[in-house]
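Visitor: I should like to understand how the terms used for a protein model are justified. Could the guide set each value against its definition?

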Amino acid sequence: MPTTPPAAPPTPLHKLRKTLHKEWFLVGMLGAVILATLLPDLGRSGGVLHGDVLADIGIAIVFFLHGLGISFASMRQGLLRWPVHVVVQLTTFVVFPLLWWLLEPLVAGHIPTGLALGFCYLCALPSTISSSVAMTGLARGNVPAAIFNATLSSVIGIVLTPLIVALFVHGAGTGAMNFADAVFSIARLLLLPLVVGQLLRPVLHAWHHKYKRYTNLLDRWVILLLVYTAFCDSVASGLWRDNGAGTLLIAMLGAGLPLAIVLVLSTWTARRLGFNTEDEITTVFCGSKKTLASGVPMAKLLFGAHPALGLIVLPIMFYHQIQLFVCAMLANRYARRPEIT
């Protein structure tokens with residue numbers, strides 16, 4: 001009786017193709033960083049492609065699709081998840097500053113004063129809205145709770161961030177952002193598309209459900225766009241040019257340390273409190289984010305013409321890139337869990 005010959009072992013090229021197909025998102029992020037480093041003027045704010053406008057459009061589309069996909073009942077349930085909101089806000093405005101309070105005595109005198117001030121400022125910043133919600137959506141977490149938490153963090157951070165910085169630093173200035181402008185920006189870019197999506201849900205929900213596979217991919221592409229445009233702005237502003245290798249390494253490691261600590265701590269806290277996976281995802285992503293979009297303008301208001309302003313914003317520039325990169329991989333991992341039907 002003839003036997004079937006054993007299948008030929010996969011070739012290295014076949015293994016590489018399979019890996020690239022499975023990890024295309026990670027490859028895309030690496031490609032975005034490389035492209036931004038080589039051609040920063042292409043995607044920077046005000047550049048050839050107007051990366052800031054493209055990113056805003058992508059974010060608005062994602063929030064519109066979230067509005068289509070989230071039922072009103074789910075939205076209300078997300079808003080009522082007060083334990084999640086408490087943990088996220090405490091992580092953002094208490095845990096992060098405490099980390100700096102513990103680490104400052106260890107690094108004081110060993111790093112430039114401006115860089116130390118930058119780490120302090122990083123720990124005082126609010127969460128970012130767009131990537132927090134985008135990552136939560138990508139990971140199939142509690143998107144309504146993420147929207148509420150990220151928005152609340154950005155609004156109260158307008159007041160709390162200067163106060164926290166003032167507690168640690170004397171003479172840094174206590175300027176405040178324009179509250180009305182901040183609220184208007186949040187409403188225009190994020191809440192308006194979400195509300196429009198909710199209003200059109202009865203009409204377009206069937207279409208959205210039919211093409212859910214493609215709309216889910218859009219989240220990933222928008223995140224790649226955010227990574228690319230963020231790096232374009234950083235490189236164009238002299239990220240690699242104006243800072244020595246030692247300073248860049250310290251800023252990178254110093255930005256990665258609190259992120260790693262908070263990711264572990266927020267995951268542990270969510271599980272100890274018995275949060276379901278969706279709420280854990282929201283807690284991890286919203287609690288670990290720090291905003292670059294509001295952070296740079298706020299730094300200019302808080303520190304004015306400080307001669308080390310470039311060093312002050314360096315930690316948040318690195319943190320922003322690292323958080324996008326690490327959290328995108330983490331979100332991709334969460335998204336692979338089996339669907340519960």
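Guide: Contact here means heavy atoms within 4.5 Å. The model is a predicted one. By that definition, Tyr 228 touches Ala 32, Leu 35, Ala 36, Leu 39, Leu 42 and Gly 43, not counting residues up to four places away in sequence. Tyr 228 itself lies in helix α11, residues 212-236.

Visitor: Why is Tyr 228 called buried?

Guide: The word buried requires a relative accessible area under 20%. Tyr 228 has a value of 9%, and therefore it is called buried.

Visitor: What makes the approach of the Tyr 228 side chain to the backbone nitrogen of Gly 43 a polar contact?

Guide: A polar contact is a pair of N or O atoms within 3.5 Å, one able to donate a hydrogen and the other to accept it. The side chain of Tyr 228 reaches the backbone nitrogen of Gly 43 at 3.4 Å. Another distance concerns Leu 30: its C-alpha atom and that of Tyr 228 are separated by 9.5 Å, although the two residues are 198 residues apart along the chain.

Visitor: How do you know that α6 and α7 are roughly antiparallel?

Guide: Angles over 145 degrees count as roughly antiparallel. The axes of α6 (residues 82-107) and α7 (residues 113-124) cross at roughly 160 degrees and come within 7 Å. The two helices are therefore roughly antiparallel to each other.

Visitor: Which residues of α6 and α7 meet?

Guide: Thr 92, Phe 93, Phe 96, Pro 97 and Trp 100 of α6 meet Ala 116, Phe 119, Cys 120, Cys 123 and Ala 124 of α7. By class, this contact has nine nonpolar residues, one polar and no charged ones.

Visitor: Is Thr 92 buried or exposed?

Guide: Thr 92 has a relative accessible area of 0%, and is therefore buried; the limit is under 20%. Among the residues touched by Thr 92 are Ser 153, Cys 286 and Lys 290.

Visitor: What makes α8 roughly antiparallel to α13?

Guide: The axes of α8 (residues 130-138) and α13 (residues 277-288) come within 9 Å and cross at roughly 150 degrees. Because the limit is over 145 degrees, α8 is roughly antiparallel to α13. The crossing is right-handed. Ser 132, Met 135 and Thr 136 of α8 make the contact with Ile 281, Thr 282, Phe 285 and Cys 286 of α13. By class, four of the residues in this contact are nonpolar, three are polar and none is charged.

Conventions:
Residues numbered from 1 in each chain as written. Predicted model: local features only at pLDDT ≥ 70, side-chain atom pairs only at ≥ 80, totals over all residues. Heavy atoms only, no water. Axes fitted to C-alpha atoms, helices over the stretch in contact; angles between N-to-C directions. Helix = DSSP H or I, 4+ residues; strand = E, 2+ residues; numbered from the N terminus. Parallel < 35°, antiparallel > 145°, perpendicular 65-115°, else oblique. Left-handed = near helix turned anticlockwise from the far one by under 90°. Nonpolar A, V, L, I, M, F, W, Y, C, P; charged D, E, K, R; others polar. Buried < 20%, exposed > 50% of the residue type's maximum accessible area, 1.4 Å probe, protein only.
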